[in-house]
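Welcome, and thank you for taking a look at this chain with me. Please explain to a newcomer how its parts are arranged, going step by step.

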Amino acid sequence: YSQSFQFMSKWKVPTHDPNQEKIEQKFGKKKLVVVTGTSSGLGRKAALALLRSGEYHVIGAVRDLDKMEVVAELDGFDMSSF
């Protein structure tokens, strides 16, 4: 198990993004999150909690867009961040 992720120990975290200013102008300082299964269950609750925190833009990965639209309306998802 411990050897499975050893390759990740050599990864470097980027320290400077030359496009950071443009990104912040477009999206602000919110982080981007992709949540799978957003139209039901745990994915739905996770997306709602992230949106309510006001700190994230959430992309919902779903199979049924019509169902997701209904869920977003019922749960009051902030559409400016979803």
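Is Lys-31 buried or exposed? With a relative accessibility of 55%, Lys-31 counts as exposed, because the cut-off for that word is over 50%. Please keep in mind as you read on that this is a predicted model.

Let us stay with this residue for a moment. Lys-31 belongs to strand β1. If we set aside residues up to four places away in sequence, Lys-31 touches Glu-55, Tyr-56 and His-57. Val-62 is another matter: it is 31 residues from Lys-31 along the chain, and the C-alpha atoms of the two are separated by 20 Å.

Lys-31 also brings us to the largest pocket, since Lys-31 is among the residues that line it. The volume of this pocket is about 150 Å³. Its lining is made up of Ile-23, Phe-27, Gly-28, Lys-30, Lys-31, Leu-32, His-57, Val-58, Ile-59, Ser-81 and Phe-82. Three elements, α1, β1 (31-36) and β2 (56-61), each give two or more residues to that lining. Which of them gives the largest share? That is β2, with three residues. By character, the lining divides into six nonpolar residues, three polar ones and two charged ones. As for how such places are found, rolling a probe the size of a water molecule over the atoms shows where empty space is left.

Next, turn to helix α1, which covers residues 20-27. This helix is hardly covered: among its eight residues, the count of buried ones is zero. Glu-21 is a good example to look at, as it lies in α1 and counts as exposed at 60% relative accessibility. From Glu-21 to Leu-50 there are 29 residues in sequence and 24 Å in space, C-alpha to C-alpha. Just after α1 comes Gly-28, which takes a positive phi of about 75°; Gly-28 is also one of the residues lining the largest pocket.

Now step back to the segment before α1. Ser-4 lies there, and so does Lys-12. Ser-4 is partly exposed, at a relative accessible area of 43%, whereas Lys-12 counts as exposed, at 76% relative accessibility. Two distances help to picture this segment. Ser-4 and Asp-17 are 13 residues apart in sequence, with 29 Å between their C-alpha atoms. Lys-12 and Lys-22 are ten residues apart in sequence, with 23 Å from C-alpha to C-alpha.

For a contrast, find Thr-38 in the loop between β1 and α2. Its relative accessibility is 0%, so Thr-38 counts as buried. A polar atom of the Thr-38 side chain lies 2.6 Å from the backbone oxygen of Val-35. Beyond its neighbours within four places in sequence, Thr-38 is in contact with many parts of the chain, including Gly-43, Arg-44 and Ala-47, Gly-60 and Ala-61, Met-68 and Val-71, and Phe-82. Phe-82 appears in the lining of the largest pocket as well.

Met-68 and Val-71 lead us on to helix α3, residues 65-75, where Met-68, Val-71, Ala-72 and Asp-75 are buried. Why can these residues be said to line one face of α3? Seen down the helix axis, the buried residues fall within an arc of 100°, so they line one face. This fits a broader pattern: an α-helix has 3.6 residues a turn, so residues three or four places apart point the same way. The buried residues of α3 pack against α2 (41-53). On the other side of α3, Asp-66, Glu-69, Glu-73 and Leu-74 are exposed.

Asp-75 deserves a visit of its own. It sits in helix α3, and its side chain makes a polar contact with the side chain of Arg-44, at 2.7 Å. Leaving out neighbours within four places in sequence, Asp-75 is in contact with Arg-44, Leu-48 and Arg-52.

Finally, have a look at both ends of α3. At its start, a side-chain oxygen of Asp-64 reaches to within 3.2 Å of the backbone nitrogen of Asp-66. After the helix comes Gly-76, with a positive phi near 70°.

Methods. Residues are numbered from 1 along each chain as its sequence is written. This is a predicted model: local features need pLDDT of at least 70, side-chain atom pairs count only at pLDDT 80 or more; totals for chains, interfaces and linings use all residues. Side-chain values use heavy atoms; hydrogens and water are left out. Buried means under 20% relative accessible area, exposed over 50%, partly exposed in between (1.4 Å probe, protein chains only). Helices (H or I, at least four residues) and strands (E, at least two) are DSSP runs, numbered from the N terminus. The arc is that of the directions from the helix axis to the C-beta atoms. Contact means heavy atoms within 4.5 Å. A polar contact is a pair of N or O atoms within 3.5 Å; within protein, one must be able to donate a hydrogen and the other to accept it, and residues adjacent in sequence count only if both atoms are side-chain atoms. On a 1 Å grid over the protein atoms alone, a cavity is a set of points where a 1.4 Å probe fits but cannot get out, and a pocket is an open set with protein on both sides within 12 Å along at least five of seven lines; lining residues have an atom within 4 Å of a point. Grid points are joined across faces, edges and corners, and a volume is the space filled by probe spheres set on the points. Ala, Val, Leu, Ile, Met, Phe, Trp, Tyr, Cys and Pro count as nonpolar, Asp, Glu, Lys and Arg as charged, and the others, Gly among them, as polar.
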